[in-house]
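Hi,

Here is the structure I promised to pass on. Have a look at it first, and then read my notes underneath.

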Amino acid sequence: MEWSELIPGLVAAAVPMAVPLLLVGLGEMFDQRAGMFNLGAEGIMMMGAFVAFFIDLKLQMPWVGLLAALVVGGIFGLLMGLVCATFRSKQGIAGIGIYMLGWGLSGTLFRVYVGGPMPIHGIPALNLSFLQGIPYIGHVLATLNPMDYVTFFLIPLSGWLLFKTAWGLKVRAVGTTPRAADTLGIDVIRIRYQCIILAGAMAGLAGAYLSVCQAKIFADNITAGRGFIAVALVYFGRWSPWGVAAGAAIFSLAAAAQRLIQFYGFKFPYELALIIPYVLVIVVLACSRNRNRVEPAALGKPYFREYRG
Amino acid sequence: MKKSYVIYNIFVVLIALLIALLVGAVLFAVAGGNPIMAYKVMLTEPLRGVFGITEMLVRAAPLMLVGVGVAVSFRSGILNIGGEGQILMGAVSGAFVGLSLPGLPKFLLIPLIFVAAFAGGALWGGIAGWLRAYLGVNEILSTVMLNYIAIQLYTYLLRAPLIDPQELAYGTGIPQTAQLTRNAWLERLIPGMRLHTGLIYAILIAIFIYLLLWKTTLGYRMRACGAEPLAARYAGMKVERYLVLAMVMAGGLAGLAGAVELCGVHRRALESLSAGYGFSGIVVALFGGLHPLGIIPASALFGLLIVGADMMQRAVTIPAHIILAIQGLIILTVVSSALFLTHRGIREKILGYFVRQPAPKSEVS
């Protein structure tokens with residue numbers, strides 16, 4: 001096999017894997033910067049995937065499906081905010097609650113209203129022939145989905161939002177020193193709500209990407225842990241958009257390589273090959289431990305106004 | 001703790017359950033069913049006969065074990081979300097021992113299977129505990145990843161090395177092990193019903209864990225590390241070790257749940273053995289107030305919900321899958337209610353309406 005075939009092959013396999021991770025990861029980055037975990041991302045993704053799939057199936061309007069997934073994700077984010085910011089409960093365990101809620105609800109609705117595997121048209125790829133000329137990855141770029149381009153654009157956009165706007169400054173303040181932020185008149189709880197809703201909406205969108213842009217079907221557990229993997233990549237990416245993007249790229253290239261190796265005939269039990277990405281996440285987490293300086297100091301800590309200390 | 005507080009705590013948790021069930025009613029309506037009918041079938045149908053009650057208790061046993069494990073981990077300051085994977089690793093280690101020593105007499109074989117299952121689950125939990133204690137890896141993420149790894153590993157083991165030779169002979173290839181010999185079966189308590197002695201073991205283990213956590217130095221230290229890790233470290237405790245120990249125990253208990261399912265219910269390792277007990281165990285633990293003795297009745301209640309959901313699926317054609325969503329809601333409401341339990345100002349305020357007592361100076365906790 002030639003390099004000229006291998007690299008496009010790898011990239012072509014990696015992009016659809018990286019994009020949903022990026023979508024969740026970028027949203028997750030905002031809410032972790034504001035001091036909240038959204039460990040329910042996996043469940044929200046399943047809801048998003050189902051809603052977008054369902055709307056496309058019934059109305060043949062995939063873009064409306066994406067929008068609806070965004071809204072549903074936001075609603076789940078709001079619920080998460082209610083539980084974690086207003087009632088100040090343990091965020092980790094609340095995330096598991098959201099995960100089970102999203103999983104159970106999307107599975108139930110799928111069984112009731114759809115029943116079996118139904119194909120949808122989804123959002124077709126753009127065919128941008130002028131990109132063909134770029135060496136190695138030109139072919140891949142030319143046939144990407146519109147959502148892929150949107151996602152790539154979101155990386156610098158979220159960097160700008162987080163580091164160059166007043167709102168981004170507030171988010172970071174709320175995540176590191178909520179008390180100081182409160183003293184300066186920043187509404188800690190409101191900022192946290194904004195971020196968790198944003199994270200939920202992005203997770204919903206990522207799920208919608210899976211069903212409408214990529215698989216073009218819906219299945220139970222379609223997300224296969226991507227929501228959790230994305231949360232891990234935020235740690236790996238040190239809470240910065242380009243870091244998250246790098247994490248998603250490395251992860252999906254590795255997963256794509258594993259798939260190619262299998263495809264080109266190494267005899268290796270299928271199930272054991274599927275383990276590799278999950279092991280990789282654990283290794284990545286274990287390796288990115290010296291993060292004391294960048295980790296938002298208030299991450300996972302509920303904010304009580306009347307607490308001293 | 002004052003008696004009124006205990007009653008108050010129970011009261012708050014029951015209100016949380018009620019709110020979750022009310023929101024759940026909306027979900028039932030969205031899923032196109034009549035919520036009142038659905039709840040009626042779900043909550044009363046299993047209690048109408050011996051079959052329903054015994055099935056409820058069959059499910060209570062693994063829930064109790066996983067739930068007690070989750071409580072141990074929570075009390076020690078680490079969250080164990082990895083029940084699913086630990087159950088499977090426990091079941092497959094137990095099945096391996098059971099299949100390789102078929103001739104052993106019962107009084108030796110069953111304890112051996114249980115030890116192997118405990119070890120399998122403990123290994124799986126211990127990895128996450130070790131990663132958290134010494135490498136700072138968020139245990140929720142690692143246990144979830146370990147769940148996915150365990151599911152694949154388990155499926156692989158059942159599909160290739162441990163597969164029932166008969167499945168190969170007939171060419172059906174269903175991923176499951178051969179049936180264990182009779183010596184590995186847990187006794188049935190009522191003829192014709194699936195209820196088995198595993199429930200008794202589970203209750204005994206729950207009581208044992210209660211004694212361990214509240215009546216021994218070890219348990220005190222584990223709880224101290226969970227409640228105030230910095231203070232515990234200052235007092236000379238090796239917090240990391242207790243974190244790992246807690247996860248080893250939590251994983252081991254989930255592994256035992258796997259063994260109970262293996263020897264008591266299925267008598268072989270098969271694909272759907274964990275049946276969501278890993279996640280439901282978390283709900284049970286929270287609902288039981290993270291207290292082993294509270295978890296015993298809580299697991300019976302959730303056994304009821306799970307059996308009831310199956311019966312409801314047949315009666316009113318809402319998929320039993322919805323019980324997952326209801327459990328998710330219960331988690332959300334119960335963790336939200338923690339504010340009313342731990343926040344002293346709020347607690348005193350609410351209690352003040354019901355119990356006449358001199359209002360203590362509002363001390364913020």
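**A partly exposed arginine, and the rest**

Let me start with A:R88, which counts as partly exposed because its relative accessibility is 24%, and the cut-offs for that class are 20% and 50%. You'll find A:R88 in the loop that links helix 3 (62-86) to helix 4 (91-113) of chain A. What caught my eye is the backbone: phi of A:R88 is near 55°, a positive value in a residue other than glycine. Most residues other than glycine have a negative phi.

Chain A has another case of this kind. For A:R238, phi is near 50°, again positive and again not in a glycine. The loop that holds A:R238 runs between helix 10 (226-236) and helix 11 (241-263) of chain A. With a relative accessible area of 37%, A:R238 is partly exposed too.

Before you zoom in further, keep in mind that this is a predicted model. The scores are ipTM 0.91 and pTM 0.90. For chain B the mean pLDDT is 87, and 96% of the residues in that chain reach 70 or more. As usual, where pLDDT is low, the predicted coordinates should not be read in detail.

Now for chain A as a whole. What is its make-up in helices and strands? The count is twelve helices and zero strands, so reading from the N terminus you meet α elements from start to end.

On overall dimensions, the C-alpha trace of chain A spans about 65 × 45 × 40 Å along its principal axes. The radius of gyration is 20 Å, which agrees with the value near 19 Å that a compact globule of 309 residues would have. Buried residues make up 57% of the 309 in chain A. If you count contacts in chain A with a separation of 6 or more, 77% of them come from residues 24 or more positions apart.

As for the surface, chain A has an accessible area of about 12900 Å², and carbon and sulfur atoms own 68% of that. The charges of chain A are 22 positive and 13 negative, and the mean positions of the two sets lie 10 Å apart.

One last stop, in chain B: is B:T54 buried or exposed? B:T54 is buried, because its relative accessible area is 3% and the limit for buried is under 20%. This threonine sits in helix 3 (residues 50-75) of chain B. Leaving aside neighbours within four places in sequence, B:T54 is in contact with B:I190, B:M193 and B:L195.

Cheers

Note on methods. Residues are numbered from 1 along each chain as its sequence is written. Chains are lettered from A and ligands numbered from 1 in the order in which they are written. This is a predicted model: local features need pLDDT of at least 70, side-chain atom pairs count only at pLDDT 80 or more; totals for chains, interfaces and linings use all residues. Side-chain values use heavy atoms; hydrogens and water are left out. pLDDT is the predictor's confidence in each residue, from 0 to 100. Helices (H or I, at least four residues) and strands (E, at least two) are DSSP runs, numbered from the N terminus. The radius of gyration is taken over C-alpha atoms; the globule rule is 2.2 Å times the number of residues to the power 0.38. Buried means under 20% relative accessible area, exposed over 50%, partly exposed in between (1.4 Å probe, protein chains only). Contact means heavy atoms within 4.5 Å. Accessible areas come from the Shrake-Rupley method with a 1.4 Å probe; for residues, only the protein chains shown count as cover. Lys and Arg count as positive and Asp and Glu as negative; His and the chain ends are not counted. The place of a charge is taken as NZ of Lys, CZ of Arg, CG of Asp or CD of Glu.
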